[in-house]
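Trainee: Please choose a single part of this model and take me through it closely, beginning with one pair of charged side chains and working outwards from there. I would like the cut-offs stated as you go.

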Amino acid sequence: TQEKALVIIGSQSILGAYPDAPQALLDSREADIFPKNNPEKGEILDAIGEDSAFDKNFGYYAQWVDESTATLAKGLKGRLIKVRNENTGGVTGYCLDPIDLVVSKLAAGRPKDHLFVEAFLEHGLGSADEVIEQKVGISKIEIRDSVLYGNNVKIKLRGVNRHDSDPVTGYTISREQAKRDLFLMKQHNINAVRTSHYPNAPWFL
């Protein structure tokens, strides 16, 4: 490529701020890049692309992308970290600021992105006022041949109709009353609720 200024996004851009970043942050083999001054211009980087001699020698490769590939924070270009030395062959690399990188990972929200952010914090490269971890474990939901699948496993729905209704309070119910309904459903192995003809209270949904 004739481009002399490249922006690196994705996991590998952590090397701009932390050249000796822990291996847990470098599991990705691809470096997503685009021209800094001509972001709309794309081309195939055969010389350093996947399965190239470069890839085989160094264990990673470049992938030509554009600015829309990742969800990037506003104003990030003013925070890019410049990398230029004897190893860059006259090309200047611009890596994401670590916080911008973490924000893009959280915005992407894939399991591997959450693992990256977790490793970033565990190795003391950043701090957070509060971290709430909840591993859901569902990465793919689809319907094939009228069958619902979660992570390629068939899911059988056992549902019931339900109205906001109580023999004493009528159509006005409290959260505690709704919880009793849900506990009763779980006791009978119910895993889906049809809200019938009338909308339930918004907080129930």
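**From one salt bridge outwards**

Mentor: Asp100 and Arg79 form a salt bridge, and their closest N and O atoms lie 2.8 Å apart; the term requires a side-chain nitrogen of Lys or Arg within 4 Å of a carboxyl oxygen of Asp or Glu. The pair links distant parts of the chain, 21 residues apart, with Asp100 in helix α3 and Arg79 in the loop between β3 (61-64) and β4 (81-83). These labels are DSSP runs numbered from the N terminus, helices being H or I over at least four residues and strands E over at least two.

Before going further, keep in mind that this is a predicted model, in which local features need pLDDT of at least 70 and side-chain atom pairs count only at pLDDT 80 or more, whereas totals for chains, interfaces and linings use all residues. Residues are numbered from 1 along each chain as its sequence is written, and side-chain values use heavy atoms, with hydrogens and water left out.

The two partners differ in their surroundings: Asp100 counts as buried because its relative accessibility is 6%, while Arg79, at 34%, counts as partly exposed. Here buried means under 20% relative accessible area, exposed means over 50%, and partly exposed lies in between, with a 1.4 Å probe and protein chains only.

Helix α3 (98-108) also takes part in the largest nonpolar core, and I would follow that next. This core has 20 residues, and those with the most contacts inside it are Val7, Ile9, Ile14, Leu25, Leu80, Leu96 and Phe120; it is defined as a set of buried Ala, Val, Leu, Ile, Met, Phe, Trp, Tyr and Cys residues joined through side-chain atoms within 4.5 Å. Two or more residues come from each of β1 (5-9), α3 and α4 (111-122), and α4 gives the most, with 4 residues. In soluble globular proteins, nonpolar side chains tend to be buried together.

Ile14 is a good residue from which to look around: leaving out residues up to four places away in sequence, Ile14 touches Ala21, Leu25, Leu26, Pro98, Leu101, Phe116 and Phe120, where contact means heavy atoms within 4.5 Å. Apart from this core lies another one, of 7 residues, among them Ile33, Ala62, Trp64 and Val91.

Now turn to α4 itself. Its 12 residues reach 16 Å from the first C-alpha to the last, close to the 16 Å expected at 1.5 Å a residue, the expected span being 1.5 Å times one less than the number of residues. Asp113, Phe116, Val117, Ala119 and Phe120 are the buried residues of α4. They lie on the same side of α4 because they cover an arc of only 160° around the axis, the arc being that of the directions from the helix axis to the C-beta atoms. The buried residues of α4 pack against α1 (14-17) and α3, whereas on the other side Pro111, Leu115 and Glu122 are exposed. Gly124 follows α4 and has a positive phi, near 70°.

A second helix can be read in the same way. Helix α5 (residues 175-187) has 13 residues, which should span 18 Å at 1.5 Å a residue, and its end C-alpha atoms are indeed 18 Å apart. Gln177, Ala178 and Met185 are the buried residues of α5, and they fall on the same side of this helix because their arc around the axis is only 100°. What covers the buried residues of α5 includes β9 (159-161) and β10 (192-194), while the face turned away from the buried side carries the exposed residues Arg175, Arg180, Phe183, Lys186 and Gln187. After α5 comes Asn189, whose phi is positive, near 60°.

To return to the charged pairs, the structure holds 6 salt bridges. One of them joins Arg162 to Asp164, with the closest N and O atoms 2.8 Å apart, and both Arg162 and Asp164 are buried. A network of salt bridges links Arg162, Asp164 and Asp181. In another, Arg144 pairs with Glu142, where the closest N and O atoms are 2.5 Å apart; Arg144 is partly exposed, with a relative accessible area of 32%.
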